[in-house]
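This report covers a chain interface and a patch on the surface. The sequence and structure come next.

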Amino acid sequence: MTSSTPQDTTSLRQKLALRGIDGVTLLVLPSVLFVLAIFIYPFIYGLLLSFAPIREGGMFANYITFFSDPYLYNTIAATLRLAVPVTLLSVFVAVPVAMRVRLVRRQRLLTTLLVLPITLGTVLVAQGMLNYLGPQGWFSRSLMLLHIISSPLKLTNNYWGVFLSLIITVFPFTFLLTLSYVTGIDPGLEKAAATHGASAWQRFRHVMLPLLVPGLAIAFCLTFVQAFAVFPSAVLLGAPSGPTRVISIAAAQAAFEQYDFTMASAIAMIMGVVQLCIVLIVLVVRNLFYRGATSGGKG
Amino acid sequence: MIRDTTIGAKLWITAVWAITIFFVLNVLAIIATVIVSSLGTRWLGTWLPNAFTLNWYASAWQEFQLGPVLFVTFQIAFTVVALSGLLGVTAAYAMARRDFPGKKLVMFLFLLPLLVPPITFGIPLATVLYQFNVGGTFWGVVLANLVPTVPFVILVMIPFIEQIDPKVEAAARVFGAGTFKLFVHVLMPMLIPGILASLLLVLVRTVAMFELTFLTAGPTSQTLVVSLYYAVFASGVRAVQSIDAMAVIYMVSTLVWLLVALRFVNPTQIVARGNQSSNAH
């Protein structure tokens with residue numbers, strides 16, 4: 001940027017202030033330095049560390065070990081088998097429920113109840129579910145009382161235990177996120193469609209859905225990334241050496257049982273790459289849809 | 001409001017509500033099982049325990065050394081709250097008031113730690129912390145917990161600060177207030193509700209943050225969630241009711257702060273961070 005002649009006499013301080021840099025701007029520095037030092041640096045360090053294996057076999061040894069040992073590479077599939085259905089189910093159920101709840105004036109009680117499992121966290125939900133879903137728990141008992149099943153369901157220490165606990169902690173998150181997007185759409189748009197005789201399904205399909213797609217894509221990504229990082233409930237409610245041996249378990253074992261931090265970093269990087277891939281796919285798909293204002297314009 | 005009166009629409013509405021109620025009932029039942037179990041003497045094969053007692057709380061307190069654990073938990077949580085408030089609010093002020101080159105990049109930098117799940121960045125972070133001999137100590141846990149909370153405070157505070165009229169600050173400057181005086185006497189009183197809300201949420205998040213604390217804590221820096229995890233992990237060693245009593249104590253120590261925080265924020269804001277707050281009044 002070249003300043004014109006009259007300003008040539010201005011000091012460096014004033015020039016910087018013109019571009020928005022002064023004492024106040026510097027207040028952002030401590031936080032930036034903190035994030036660089038405690039978040040970005042460890043990430044780069046971990047990336048480099050993963051290429052410096054403590055075992056022999058060249059710089060890719062950790063990655064070669066991961067992708068040649070079925071006990072390790074199968075964790076990706078095991079995690080996807082949990083995360084993808086949980087995410088899809090959460091998003092598909094969250095949309096109709098959010099569409100309904102937005103019409104209710106007193107949402108506060110429901111949203112407060114739903115924020116409980118998010119706040120309490122997976123460890124507490126896992127402990128509660130061990131009792132609740134166990135063979136003598138209230139869930140099986142109620143179903144038996146209603147004569148829906150004749151013997152208790154086996155819902156803990158297997159795939160379904162982890163699946164259900166993920167739903168309990170992840171669905172409220174997806175729902176509240178979707179609700180904030182749905183309430184951001186101008187209700188006038190839907191009213192206009194109704195005035196022109198659009199049925200409920202048509203209003204949803206041709207008015208609400210196109211406006212919701214960008215928000216839903218974000219909700220899908222955030223939900224998926226959370227579900228993919230499942231850890232405590234996979235250990236406590238699942239079969240951590242069997243079908244719910246998820247990728248974070250493999251990473252934690254490499255770090256704290258084998259003390260091989262290079263391998264643990266490699267697994268963490270692989271975990272990050274898989275998450276990134278799914279997020280990129282979702283964002284590419286989203287770009288195929290309409291993007292525009294969610295509020296009604298005049299005209 | 002548009003009313004749908006066809007039978008199909010009514011069935012659909014009923015189905016949607018049925019699913020919602022079913023879900024909420026299950027959530028409540030899960031929480032209730034923990035509470036009932038912690039209060040029961042023996043609970044085998046019946047709807048409710050045979051008799052009720054408070055003894056499990058005393059034994060849990062002893063067995064799991066909850067006194068020191070709770071002390072460490074809140075020491076860590078309040079340190080995290082103070083530091084993330086200090087770093088976050090000042091950075092949010094600069095982000096809200098100035099347009100500087102590279103602002104988008106800085107914003108992206110603050111968003112990243114909230115988007116990447118803790119377990120993914122926690123492992124390399126723990127490696128680095130152990131390298132510098134902070135891993136397993138009080139400060140290691142604090143540093144790890146600050147990673148998501150500093151950006152969280154920034155993102156919640158930016159819209160709060162933006163809605164304050166800059167003319168108020170200009171007026172204070174005209175009357176000779178320095179930056180420090182301006183902060184303490186003009187900005188702080190107006191920002192208190194926002195700061196309080198975001199810091200309470202940080203408190204809740206830190207007490208409930210399992211992954212990062214699990215990865216970086218040593219024997220003397222464990223928080224309550226991590227102790228609870230180890231207790232559930234080794235269940236069979238201790239009585240279930242005792243673990244449940246500990247779980248209830250954990251639940252109370254988180255929910256108290258959540259209830260206070262909910263007086264200042266809408267539940268949707270807890271999930272849809274800062275940038276959504278224009279929708280949630």
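## Nonpolar surface patch

A residue counts toward a patch if it has over 30% relative accessible area and no salt bridge, and nonpolar side chains are joined within 5 Å. The model is predicted.

In chain B, a nonpolar patch of about 530 Å² lies on the surface. Its members are Met188(B), Ile192(B), Leu196(B), Val252(B), Val256(B), Val260(B) and Phe264(B). Two helices of chain B, α8 (179-208) and α11 (240-261), each contribute at least two residues to this patch. Phe264(B) sits in the loop between α11 and α12 (267-271) of chain B.

## Extent of the interface

Between chain B and chain A, about 8,100 Å² is buried, and carbon and sulfur atoms account for 80% of it. Phe23(B), Trp47(B) and Val271(B) together provide 9% of the area that chain B buries against chain A, more than any other three residues. The contact involves 95 residues of chain B and 93 residues of chain A.

## Makeup of the interface

Polar contacts link 8 residue pairs across the interface of chain B and chain A, counting pairs with both residues at pLDDT 80 or more. For salt bridges across this interface, the rule finds 0.

On the side of chain B that touches chain A, helix α1 (residues 7-39) of chain B gives the most, with 20 residues. By residue class, that side of chain B has 72 nonpolar, 16 polar and 7 charged residues.

Methods: Residues numbered from 1 in each chain as written. Chains lettered and ligands numbered in written order. Predicted model: local features only at pLDDT ≥ 70, side-chain atom pairs only at ≥ 80, totals over all residues. Heavy atoms only, no water. Contact = heavy atoms within 4.5 Å. Buried area = accessible area lost by both parts, 1.4 Å probe. Salt bridge = Lys/Arg side-chain N within 4 Å of Asp/Glu carboxyl O. Polar contact = N/O pair within 3.5 Å; in protein donor to acceptor, adjacent residues only side chain to side chain. Helix = DSSP H or I, 4+ residues; strand = E, 2+ residues; numbered from the N terminus. Nonpolar A, V, L, I, M, F, W, Y, C, P; charged D, E, K, R; others polar. Patch = residues over 30% accessible without salt bridge, like charges linked within 9 Å, V, L, I, M, F, W, Y side chains within 5 Å. Areas by Shrake-Rupley, 256 points an atom, 1.4 Å probe, with all protein chains shown as cover.
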